[in-house]
Amino acid sequence: MRTVIAGGHGQIALRLERLLAARGDEVAGIIRKAEQADDLREAGAEPVVLDLESASVDEVAERLRGADAAVFAAGAGPGSGAARKDTVDKAAAVLFADAAVQAGVRRFVIVSSMGADPQHQGDEIFDVYLRAKGEADAYVRGLDALDWTILRPGQLTDDAGTGLVRLEAHTGRGPIPRDDVAAVLAELVDTPATAGLTLELISGPAPVSVAVKSVAGN
């Protein structure tokens, strides 16, 4: 299986790349800076240098062609201003989704955020972020050519993963280690029966594979 990840140098993406490569999958990560390439190779991923803020749909589709799944894990990051929430968290997600459609890649997983809502009110940076993520999610939901799953993790931590999670349409707020987010993503990529679901994720009682099978109806 070949998976292409947008935001390939992100903290969750690097963990996901390691997991996918370790199970024998082919994985490529889209990165903005060539100097990040060695970190991806170390994780077992093929680096693809491409700036999603300036690339065309055709350029991104070319990198997606032949993939079995696409994962949008890019983000403007906590230090960025409101403008980049719009160009990365929203516009790059829309671009990546359109490119997946053009390339014929049906399986599409997007890493969103708990509380993401296109109608979210407020002018603080985090308000703009939640609105941008919500708008991206709404756009992806409207694409019939994608078998999409939207994952909305709770408060991200760098604690060691436990492999135990709560994955439901509504979990309530709570923390979740990035290790466990990556583990859930690895399962979701491989579970197309979760298509059409928007899922919240926090730490909980269920092993990752059991939690994913449960929401998939298996």
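# Rings, strands and a pocket

Biologist: Which helix holds both Phe-126 and Tyr-129?
Modeller: The two residues are three apart, about one turn of the helix. Helices are DSSP runs (H or I, at least four residues), strands are E runs of at least two, and both are numbered from the N terminus. Phe-126 and Tyr-129 both lie within residues 125-141, helix α5.

Biologist: What kind of model is this?
Modeller: Residues are numbered from 1 along each chain as its sequence is written, and side-chain values use heavy atoms, with hydrogens and water left out. Local features need pLDDT of at least 70, side-chain atom pairs count only at pLDDT 80 or more, and totals for chains, interfaces and linings use all residues: this is a predicted model.

Biologist: How many aromatic pairs does the whole structure hold?
Modeller: Rings of Phe, Tyr and Trp (its six-membered ring) pair if their centres lie within 6.5 Å. Planes under 30 degrees apart are stacked, over 60 edge-to-face, and the rest tilted. A search of the whole structure gives a count of three.

Biologist: Is the pair of Phe-72 and Phe-96 stacked or tilted?
Modeller: Their ring centres are 6.0 Å apart. The planes meet at 50°, so the pair is tilted.

Biologist: How far apart in sequence are the parts that this pair ties together?
Modeller: Phe-72 belongs to strand β4 (residues 69-72). Phe-96 belongs to helix α4 (residues 82-103), so the parts tied together are separated in sequence by 24 residues.

Biologist: Are Phe-72 and Phe-96 buried or exposed?
Modeller: Buried means under 20% relative accessible area, exposed over 50%, and partly exposed in between (1.4 Å probe, protein chains only). Phe-72 has a value of 0%. Phe-96 also comes out at 0%, so this residue counts as buried, and Phe-72 is likewise buried.

Biologist: What is the angle between the planes of Phe-126 and Tyr-129?
Modeller: This pair is stacked. The rings are 5.5 Å apart, centre to centre, and the planes differ by 25°.

Biologist: Which residue joins Phe-72 and Phe-96 in a cluster of rings?
Modeller: Ring pairs link three residues here, Phe-72 and Phe-96 among them. The bridge partner of Ala-70 in β5 is this residue too. It is Phe-108.

Biologist: How many of the residues of β5 are buried?
Modeller: Strand β5 spans residues 107-111. Arg-107, Val-109 and Val-111 are buried on one side, Phe-108 and Ile-110 on the other. The count is five of five.

Biologist: In which sense do β4 and β5 pair?
Modeller: Two strands pair if DSSP finds at least two bridges between them. β4 and β5 have four bridges, and the sense is parallel.

Biologist: What hand has the β-α-β unit of β4, α4 and β5?
Modeller: Point the strands away from the viewer; if the path from the first strand over the helix to the second runs clockwise, the crossover is right-handed. β4, α4 and β5 make a unit that is right-handed. The chain then crosses from β5 through α5 to β6, and this crossover is also right-handed.

Biologist: Which residue in β6 stands opposite Phe-108?
Modeller: β5 and β6 (residues 147-153) run parallel, joined by five bridges. Opposite Phe-108 is Trp-148.

Biologist: Which strands stand at the edges of the sheet?
Modeller: The open sheet has nine strands and mixed pairing, in the order β3-β2-β1-β4-β5-β6-β10-β8-β11. Two strands have a single partner each, so one side of each is left without a neighbour in the sheet. They are β3 (46-49) and β11.

Biologist: What is the volume of the largest pocket?
Modeller: On a 1 Å grid over the protein atoms alone, a pocket is an open set of points with protein on both sides within 12 Å along at least five of seven lines; a 1.4 Å probe is used. Points join across faces, edges and corners, and the volume is the space filled by probe spheres set on them. It is about 1,200 Å³.

Biologist: Which residues lie closest to its centre?
Modeller: Lining residues have an atom within 4 Å of a point. There are 42 of them in the largest pocket. Closest to the centre are Ala-73, Ala-74, Gly-75, Ala-76 and Gly-77.

Biologist: Which element gives the most to the lining of the largest pocket?
Modeller: α1 (11-22), β2 (26-31), α4, α5 and β7 (155-157) each give two or more residues. With five residues, the top one is α4.
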